[in-house]
Amino acid sequence: MQKMLQTEQLMEEVLFEERYLSPEVQSNLHEGYKLYPLRSNDFERGYLDVLSVLTEVGAHSIDTWNTQFQFMKKHNDTYFTITITDEKSNKIAATGTILIEHKFVHKNGLVGHIEDIAVDASHQGKKLGLRIIEALKFIGEANGCYKVILDCAVKNIPFYEKCGFSPKESQMAWYIPTTTTTTTTTAQEKSHL
């Protein structure tokens with residue numbers, strides 16, 4: 001069984017090169033946990049279940065997963081999604097993403113935007129959220145970002161301050177109204193992006 005699992009992992013695609021993973025974060029994880037780039041088989045490892053602790057994920061099939069994964073991989077200078085996997089169960093325990101924005105300001109500078117930090121309820125209390133943030137900051141620095149920013153609920157400010165962030169200005173949001181006449185972009189339409 002272990003040999004079959006190792007063979008499957010060798011054939012599996014990763015979202016980005018492992019050189020962007022922090023060795024320090026890896027060494028600070030509890031035994032039995034491992035840091036990875038998002039992998040093509042993470043659908044089966046419960047990635048979307050972990051993400052659902054944040055918000056509605058929606059119904060996905062393996063086809064919609066693969067389409068999104070390939071889109072993100074095609075733009076792997078922008079999308080850096082990481083996971084921490086419980087190696088014993090081969091299930092995702094935590095995840096987070098940093099998006100790298102290419103700007104004109106700051107001499108064509110780069111800004112990292114942290115999104116979708118989620119820790120499975122059964123793995124909370126093990127500092128996995130902290131490790132995800134540290135790993136994403138490492139990716140931002142490795143890509144040459146001049147800053148890394150995130151939005152969070154007011155109740156989460158103390159946690160992010162412990163991670164080295166400080167409050168700055170305010171977040172605003174405008175949610176696009178959904179109607180029955182709203183068109184969705186199909187995978188084929190998205191593929192040109």
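**Exercise 1. By class, how many nonpolar, polar and charged residues does the lining of the largest pocket have?**

Ground rules first: this is a predicted model, where local features need pLDDT of at least 70, side-chain atom pairs count only at pLDDT 80 or more, and totals for chains, interfaces and linings use all residues. Residues are numbered from 1 along each chain as its sequence is written, and side-chain values use heavy atoms, with hydrogens and water left out.

*Step 1.* Fix the term: on a 1 Å grid over the protein atoms alone, a pocket is an open set of points with protein on both sides within 12 Å along at least five of seven lines, and lining residues have an atom within 4 Å of a point.

*Step 2.* Sort the lining: Ala, Val, Leu, Ile, Met, Phe, Trp, Tyr, Cys and Pro are nonpolar, Asp, Glu, Lys and Arg charged, and the others, Gly among them, polar. That gives 22 nonpolar, 11 polar and seven charged residues.

*Step 3.* Add the volume, meaning the space filled by probe spheres set on the points: about 1,000 Å³ for the largest pocket. It has 40 lining residues, and L51, L54, E115, D116 and I117 are the closest to its centre.

**Exercise 2. Find the element that supplies the largest share of that lining.**

*Step 1.* Elements are DSSP runs numbered from the N terminus: helices are H or I with at least four residues, strands E with at least two. The protein has eight helices and five strands.

*Step 2.* Among those giving at least two residues to the lining are helix 4 (62-74), strand 3 (91-102) and helix 6 (128-142). The winner is strand 4, with six residues.

**Exercise 3. Repeat the job for the second largest pocket.**

*Step 1.* Its space is about 650 Å³. Of its 21 lining residues, L150, D151, S166, P167 and K168 sit nearest the centre.

*Step 2.* Strand 4, strand 5 (147-150) and helix 7 each give two or more residues, and strand 5 gives the most, four.

*Step 3.* By class, the lining splits into 10 nonpolar, five polar and six charged residues.

**Exercise 4. Check the length of helix 6 and list its buried residues.**

*Step 1.* The expected span is 1.5 Å times one less than the number of residues. Helix 6 has 15 residues, so it should span 21 Å, and its end C-alpha atoms are indeed 21 Å apart.

*Step 2.* Taking buried as under 20% relative accessible area (1.4 Å probe, protein chains only), the list is L128, G129, L130, R131, I132, I133, A135, L136, I139 and G140.

*Step 3.* After helix 6 comes G144, with a positive phi near 85 degrees.

Terms used: 1 Å grid on protein atoms, 1.4 Å probe; cavity = no way out; pocket = protein on both sides within 12 Å on 5 of 7 lines; lining within 4 Å. Buried < 20%, exposed > 50% of the residue type's maximum accessible area, 1.4 Å probe, protein only.
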